[in-house]
Each structure stands twice: as structure tokens, then as C-alpha cells.
Amino acid sequence: MYVIEIEDLYFSYDGKVNVLEGVNLKIDKGEFVGIVGPNGAGKTTLFKIILGFLKPTAGRVRLFGKDIRYFKEWHRIGYVPQRLSVEQNFPATVEELLRSVTTEERIREIASYLHIDLFMNRQFLKLSGGQQQLVLLGMALASDPELLLLDEPTAGLDLHSQMHITEILKDLSANEGKTVVMISHDIGMVMKNVDRVVCLNRYVCYFGDPEGAVEPIEDIFGIGRSLKDGAP
Amino acid sequence: MELLSYDFVQRGILTGLMVGVASAIAGVFLILRRMAFLGAGLSHAAFGGIAISMLLGVDPFILTALFTLLVGNIVQLITSNRRVPGDAAIALVFSGGVALAVLVLGVAKGFSEYLFGYLFGNILMVTRSELILVSISFFLVLLFFAIFYRKLVLLTFSEEIAKLRDVKIGLMNHMLVSVASLVIVLSIKAVGIILASSMIVVPALTALLIASSFRSAVVIAAVVSAFSVILGIALAFYYDLPPSGAIVGGMIAVFGAAFLKRVLSS
């Protein structure tokens with residue numbers, strides 16, 4: 001049984017242009033998967049379909065072997081969204097946010113695992129980008145999920161924060177047995193850390209080991225031989 | 001303490017405190033859900049409800065509460081599928097409510113003076129039965145926030161995360177709008193239609209300027225509101241001022257002080 005199983009998935013927002021067409025994907029338990037693709041490739045849309053926020057135009061999605069139309073066990077999934085649109089004077093502290101999703105005991109476990117104990121009483125919006133990502137990851141881990149979906153978790157972070165988040169994700173996958181699926185524009189980081197790469201550009205151009213992903217990535221980004229040559 | 005020796009003042013202060021606290025708590029969530037303007041829309045929609053109850057000769061509180069509840073939920077319904085922008089829907093009920101009241105005034109002569117009394121309210125004229133209705137509504141509002149506090153905090157943070165954590169977004173939005181409608185009707189009793197939305201917006205806005213946590217924002221908003229109600233009623237009593245203006249004036253003065261503190265400290 002796959003954690004995520006997608007068959008011939010189509011999606012269109014307006015009924016005219018397909019954002020996703022014929023997507024097929026099977027992700028196993030404990031895998032660390034990176035999804036890459038240009039802007040507008042349908043990466044976030046794919047996540048929203050997996051999370052049940054959007055209904056597919058056609059095709060089938062199964063989570064833990066169950067058709068998404070009947071899937072109710074959302075506690076098995078943790079999600080870190082791409083961006084938040086909270087009011088600029090949103091006052092909640094880290095502890096209050098975690099308390100809104102889980103128990104005191106679980107908060108202590110998460111805080112100790114992510115080393116966020118030191119800023120539990122600080123307001124979320126007054127934290128650095130890296131600290132905010134850790135809190136969002138903490139909220140995603142609240143229900144001790146088996147599957148983690150992260151939409152650009154390292155975007156806009158400094159190198160140290162990027163490495164810190166990536167190490168945590170690797171640990172969650174390798175040692176905690178969680179399936180981690182991450183959208184990222186940081187191709188270098190994806191190639192270096194994940195078990196498998198999905199190249200998405202409305203359809204899946206490539207799904208496999210990072211070693212074999214170089215050419216498909218060059219193709220979908222239209223960057224010729226730059227990756228092989230070491231250019232950015 | 002001559003002030004407290006009068007029955008009507010005691011009733012006014014009690015009503016004001018309950019209305020003020022309920023409005024302030026609701027205000028924190030409404031502002032953070034970007035629904036601050038809903039208060040102004042619903043209070044003006046309530047004007048239509050008051051006019052209808054006058055015309056039918058029934059108790060204005062209950063019928064207006066039901067009418068505002070209905071209008072608030074219609075606004076939520078038509079904006080939830082994003083076909084109509086939220087601010088446009090609120091503007092629609094804002095003008096619709098006033099239009100309805102004007103029509104009723106035109107058709108049924110003789111209510112004008114009574115109806116215009118609702119424009120500015122008078123908290124010192126609250127009757128014993130109105131106080132009972134306000135008390136019941138106040139406890140219902142507090143109960144709602146006590147039960148759903150954590151879900152509402154999550155909802156104001158991220159609808160997507162809330163949805164995944166089994167928060168029924170649509171139901172929660174409808175309940176929040178229903179509570180806001182009830183609070184608006186209570187506020188009309190205290191400060192009238194024109195100033196009712198201030199009870200929701202100003203103390204909450206003040207609290208969000210200086211609060212260091214969500215819980216403290218809720219507490220500060222309630223305290224600012226309660227303080228302004230007592231100050232306003234005292235000023236109205238001793239200086240023969242309109243209580244509604246004095247209460248909202250007090251709230252705005254506290255907001256000004258908080259804003260200044262924020263500017264100076266940053």
C-alpha cells in the first residue's frame with residue numbers, strides 16, 4: 001500500500017486550461033520526496049488536491065490506500081503551507097498556536113525535538129523566518145502524522161536555517177519513518193538531500209533518483225547544460 | 001458614588017459592561033478574520049429589522065436579533081464561494097438595511113421619533129426585561145468563545161491548517177457571524193446604530209496594538225471596553241452628555257494613548 005497514489009490526475013481551475021494533466025505518482029512509506037518545477041507547473045495545486053482542498057477534474061487520488069473522496073483521517077497528514085496571510089498585528093504566541101492544535105504533552109515533545117523551547121512565549125510574527133518555519137513544522141507534527149507535505153519550507157531562509165530545516169526533514173524521514181514530500185525551488189538542496197525527485201510541469205516529466213533528474217530538470221527549466229556545468 | 005444609587009444607572013452600567021465585553025472579544029476575532037467592517041454593515045442592516053418590528057408592533061430586540069442573524073448569515077453565504085467580495089456584500093446589506101428603514105418610515109407614519117432614538121441609543125434607559133435579555137445573550141456569547149476559543153485562534157491563523165485539523169470552516173464562520181450579529185444588536189441598545197460598530201472595532205484594535213499574546217489581546221480588549229463604558233456613563237451622568245458619544249469617545253481616547261505608546265516604543 002502506497003502512502004500517496006495518484007492515477008491519471010487532471011485539474012483545471014476554469015474548465016479550459018489544464019493545470020495538471022495525466023499526473024501519475026506513487027510514494028512509499030518513509031520516502032523523502034522533492035517536487036521541483038517552474039512557477040505555474042501545478043506543484044501547489046497538486047498539494048491542494050492531495051489535501052482535499054481542491055477536487056480533481058479527473059483521475060484518482062488515494063491516501064494510505066483509501067480514495068480521497070472517502071478519506072477522513074487527516075490527523076495522519078501534517079502540512080506546512082507556502083505562505084500565510086495573517087493580519088500584521090496577529091498576537092498569538094508560539095505556545096498558543098501549538099495549543100490550538102495539540103495537547104500540552106505533545107507540545108513539550110515537539111518543542112524539545114525542534115528546539116523551540118526558548119521562544120515558546122514569543123509572538124509568532126516577531127520570530128525570524130527560520131523560527132517561523134520551525135513553528136509551522138511543529139504545528140504540522142502536532143498529530144504525529146505519518147505523511148508530511150511541505151510547500152517551499154526553506155524559501156527565503158538564510159543558509160543556516162535552510163540546512164537546519166533540511167536536516168530535521170531528513171531525520172523525520174530516515175529515523176522517524178515519516179513520508180516527507182516537499183515542494184522546493186532550491187534544486188541544489190533537493191538533489192543533495194531527497195530520496196526521489198518529482199519533476200512536474202503540469203505532468204510528471206521525471207520521478208526517480210536525484211542522479212537521473214539532471215536532464216529532466218534542465219529540460220523543464222529550459223536551462224540547457226547549466227546544471228551539469230555547475231552554473232546556477 | 002451617588003452615581004450607583006440610581007437604579008437606571010446600575011442597569012446601564014451592567015448592560016454596558018456585558019455589551020462592551022462581548023463586543024470587544026468578538027471584535028478581536030473579527031478584526032483578525034478581516035471582518036471588522038461587518039459590524040458597521042450589520043448595525044445598519046439591523047436598522048431595517050428595528051423598523052419592521054415597529055411596523056409589526058413586536059418586541060424590537062428579538063425580531064431585530066433574528067433579522068440581523070439572517071442578514072449576517074446571508075452575507076457569509078454569498079461571500080463564502082468568493083463570487084461576491086466580502087466588503088461589497090457588507091456594503092449591500094449596509095445600504096439595504098437603511099433603505100428598508102427609510103421605506104418603513106415613509107409607509108408607516110408616526111414611528112420616526114422612536115426609530116431615530118435607535119440611531120444613537122441610550123444605555124441609561126435600559127429596562128429590567130432588556131437587561132435580562134442582554135444577560136442571556138452575554139452568557140451565550142461567552143459560552144461560544146469559551147468552547148471554540150482554540151479553534152477560532154487556529155482559524156484566524158490559517159484556514160488551511162484549521163481545515164486539516166478538522167475545524168469545520170464554513171460552520172465556524174457562520175457561528176462567528178451569528179455571534180457578531182447578536183453582539184451588534186446588543187451594542188445598538190448601548191450606543192445606537194451609528195456607533196455600534198465602534199464597540200466591536202475600537203477596543204479590539206487598541207488591544208491588538210499592545211497585546212503580547214492572543215489571550216492578553218482578548219483580556220485587554222474587554223478591560224478597555226469595560227473601562228470606557230464606566231467612564232462614559234459617569235461623564236454622561238455628571239456632565240449631562242449623551243452616553244453613547246461619551247462611551248465611544250472614551251474608547252477612542254484609550255486607543256489614541258495606546259497608539260502613542262506603540263509609536264514611542266518603536
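The following paragraphs describe the nonpolar cores, selected helices and backbone features of a predicted model.

The largest nonpolar core of the predicted structure comprises 137 residues. Within this core, the members that touch the most others are B:Phe29, B:Phe145 and B:Phe214. Helix H8 of chain B, spanning residues 169-210, supplies the largest share of the core, with 22 residues. A further core, of 35 residues, lies apart from it; its members include A:Leu147, A:Leu149, A:Ile183 and A:Leu200. In soluble globular proteins, nonpolar side chains tend to be buried together.

The surroundings of B:Phe214 involve both chains. When neighbours within four places in sequence are left aside, B:Phe214 contacts A:Phe90, A:Pro91, A:Ala92 and A:Glu96 of chain A. On the chain B side, the contacts of B:Phe214 are with B:Val28, B:Phe29, B:Leu32, B:Tyr149, B:Val153 and B:Thr156. One of these partners, B:Phe29, is itself among the residues that touch the most other members of the largest core.

Helix H1 of chain A, formed by residues 43-50, is largely enclosed by the rest of the structure, because 6 of its 8 residues are buried. The buried positions of H1(A) are A:Lys43, A:Thr45, A:Leu46, A:Phe47, A:Ile49 and A:Ile50. After H1(A) comes A:Gly52, which has a positive phi near 80°.

In chain B, residue B:Ser53 forms part of helix H2, which covers residues 38-56. B:Ser53 has a relative accessible area of 1% and is therefore buried, the limit being under 20%. With residues up to four places away in sequence not counted, B:Ser53 touches B:Val58, B:Asp59, B:Pro60, B:Leu63 and B:Thr64.

Positive phi values were also computed for two residues of chain A other than glycine, A:Asp8 and A:Phe64. Most residues other than glycine have a negative phi. For A:Asp8, phi is near 45°, and the residue belongs to strand S1 of chain A, residues 4-12. A:Asp8 has a relative accessibility of 44% and so counts as partly exposed. For A:Phe64, phi is near 50°. A:Phe64 is placed in the loop of chain A between strand S4 (58-63) and strand S5 (66-67). With a relative accessible area of 8%, A:Phe64 is buried, whereas A:Asp8 is partly exposed.

Note on methods:
Residues are numbered from 1 along each chain as its sequence is written. Chains are lettered from A and ligands numbered from 1 in the order in which they are written. This is a predicted model: local features need pLDDT of at least 70, side-chain atom pairs count only at pLDDT 80 or more; totals for chains, interfaces and linings use all residues. Side-chain values use heavy atoms; hydrogens and water are left out. A nonpolar core is a set of buried Ala, Val, Leu, Ile, Met, Phe, Trp, Tyr and Cys residues joined through side-chain atoms within 4.5 Å. Buried means under 20% relative accessible area, exposed over 50%, partly exposed in between (1.4 Å probe, protein chains only). Helices (H or I, at least four residues) and strands (E, at least two) are DSSP runs, numbered from the N terminus. Contact means heavy atoms within 4.5 Å.
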